[in-house]
Amino acid sequence: MANESATIPVTCIEGYDTMDEETGAFLAAAAGSGVPLARQDIADIRNDYEQRLRTGIEQAPAMAAVEEHAVPVFRGSIPLRIYRPVADSCLPVILFLHGGGFVKGSIDSHEAMCRELALRSGLAVAAAGYRLAPEHRYPVAQDDCICALHWLGAHAAEAGVNGGRMVVAGDSAGGQLAAALAVYARDAGLEALRGQILFYPCVDMASSGASHSQCATGFGLTEESVRWYYNAYLPQGMACDDPAVSPLYTENLQGVAPAAVFNAVYDPVRSDGELFVQRLRAAGVSARLALYPTVHGFVSTYTRFHAGRRALAAAGAFAAEVTAG
């Protein structure tokens, strides 16, 4: 999500580490550059996001193979790009769902992140290009991702992956979609899904946690922007705490895949991930939480943030662990 605030943080949130110097310098350099999303054209929002995230693509690792597929969905198809770090046609696979507030982002914007995740995990990464809001509001994106999950299982030989050992992953809005997909897989009896990797996931559209006020302004992503994204995604009349869009409120989380959550301290959606981990653990689900003293988006822009590299290394190790054997 875009850097949208001019205020520079000068204090530490009580109970958390002080912001790292790299992040402070990044925010200082970007001060004054933000324009409220409501005053921008949607095409410009998307183009700016693509350009900013593609900046570090030349630093992304080379792959043994990159393959393009098309997944049939309701009234069309979506792209699925598979990154293979080694020449192996039966690797376990991570289904990756990009962030961007449900409004922006693509398999191109997150190419560097997917390549790095493939390298760090030793697994294939399949990036799904679900359709975006506001042209396609809920449940279109979620349904597209469900189609991608089923396609990987049914076409594993064609895709050159092990459809019996899968992980779902996503950042920000993609983290919400990944968490929802893990609940869906549990309900559908899809035992092939072995884990979920959630990078600063937006799993509470009711914004009930403390971070939504603690980090409302001054840290790049603002709470005002969070609400703008959610309003663009939700159909009229849908409650923000509906479990279908806010997995935090899922009544029963027992039996969902083990989770690894990677959060930024200075992020309005930090509480989402923290509360979700608490609920998963209370339901008996293995759930890890890692906190980094930086801001929202630090993993998708990992070529700028060392914290992002560390998070991707840990996520890769988690994916390899849960798909082993």
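I took contact to mean heavy atoms within 4.5 Å. The model I examined is predicted.

**Entry 1: helix α3 and its partner α10**

I began with the pair α3 and α10. On the α3 side I listed M113, E116, L117, R120 and S121, which meet R309, L312, A313, A315, G316, A317, A319 and A320 of α10. I then looked up the geometry of the pair: the axes come within 7 Å and cross at roughly 50°. This makes α3 oblique to α10. I noted the crossing as right-handed.

How many of the 11 residues of α3 are buried? I found nine, so helix α3 (residues 111-121) is largely enclosed by the rest of the structure. The buried set comprises E111, A112, M113, C114, R115, E116, L117, A118 and S121. I recorded that charged residues E111, R115 and E116 are among them. Just after the helix, I found G122 with a positive phi of about 75°.

**Entry 2: the nonpolar cores**

I turned next to the cores. In soluble globular proteins, nonpolar side chains tend to be buried together. Here the largest nonpolar core holds 102 residues, and L80, L97, L152 and Y233 touch the most other members. I asked which helix gives the most to this core. Helix α6 (residues 173-188) does, with eight residues. I also noted a second, separate core of eight residues, which includes I13, M19, F219 and V265.

For Y233 I listed the contacts beyond four places in sequence: F102, A133, R137, Y138, A141, Q142, L177, M205 and V245.

I followed I13 of the second core to the segment before α1 (21-30). I13 is buried, as its relative accessible area is 10%. Leaving out residues up to four places away, I13 touches Q214, C215, V265, Y266 and R270. The C-alpha atoms of I13 and Y266 are separated by 8.0 Å, although the two residues are 253 residues apart along the chain.

**Entry 3: α4 against α6**

I examined how α6 packs with α4. Their axes are 10 Å apart and make an angle of about 60°. That sets α4 oblique to α6. I recorded a right-handed crossing for this pair. From α4, residues A141, Q142, C145, I146, L149 and H150 meet Q176, L177, A180, L181, Y184 and A185 from α6. A141 and Q142 of α4, along with L177 of α6, are also among the contacts of Y233.

**Entry 4: the loop between β4 and α4**

I then read through the loop that leads into α4. G129 lies in this loop, between β4 (124-128) and α4 (140-154). I found G129 buried, at 14% relative accessibility. Its contacts beyond four places in sequence are I78, P79 and I107. G129 and L97 are 32 residues apart in sequence, and their C-alpha atoms are 7.5 Å apart.

Which peptide bond ending at P134 is cis? I found that a cis bond joins A133 and P134, with omega about 5°. P134 belongs to the loop between β4 and α4. The bond from Y138 to P139 is cis as well, with omega near 15°, and P139 is found in the loop between β4 and α4. I noted that A133 and Y138 both appear in the contact list of Y233.

**Entry 5: strand β6 and the loop after it**

I placed Q196 in strand β6 (residues 193-199). Is Q196 buried or exposed? I recorded it as buried, because its relative accessible area is 1%. A polar atom of the Q196 side chain lies 3.0 Å from the backbone oxygen of A257. The contacts of Q196 beyond four places in sequence include V256, A257, P258, A259 and A260, as well as F276 and F318.

In the loop between β6 and α7 I looked up Y200 and S207. Y200 has a positive phi of about 35° although it is not a glycine, and Y200 is buried at 1% relative accessible area. S207 is buried too, at 16%. The side chain of S207 makes a polar contact of 3.1 Å with the side chain of E223. Beyond four places in sequence, S207 touches H212, E223, R227 and Y230.

**Entry 6: R75**

Last, I checked R75, which lies in the loop between β1 (65-73) and β2 (76-84). R75 has a positive phi of about 60° although it is not a glycine. Its relative accessible area is 75%, and I therefore recorded R75 as exposed.

Terms used
Residues are numbered from 1 along each chain as its sequence is written. This is a predicted model: local features need pLDDT of at least 70, side-chain atom pairs count only at pLDDT 80 or more; totals for chains, interfaces and linings use all residues. Side-chain values use heavy atoms; hydrogens and water are left out. Helices (H or I, at least four residues) and strands (E, at least two) are DSSP runs, numbered from the N terminus. Buried means under 20% relative accessible area, exposed over 50%, partly exposed in between (1.4 Å probe, protein chains only). A polar contact is a pair of N or O atoms within 3.5 Å; within protein, one must be able to donate a hydrogen and the other to accept it, and residues adjacent in sequence count only if both atoms are side-chain atoms. A nonpolar core is a set of buried Ala, Val, Leu, Ile, Met, Phe, Trp, Tyr and Cys residues joined through side-chain atoms within 4.5 Å. Axes are lines fitted to C-alpha atoms, for helices over the stretch in contact, and angles run from 0 to 180 degrees between N-to-C directions. Angles under 35 degrees count as roughly parallel, over 145 as roughly antiparallel, 65 to 115 as roughly perpendicular and the rest as oblique. A crossing is left-handed if the near helix is turned anticlockwise from the far one by less than a right angle, and right-handed if clockwise.
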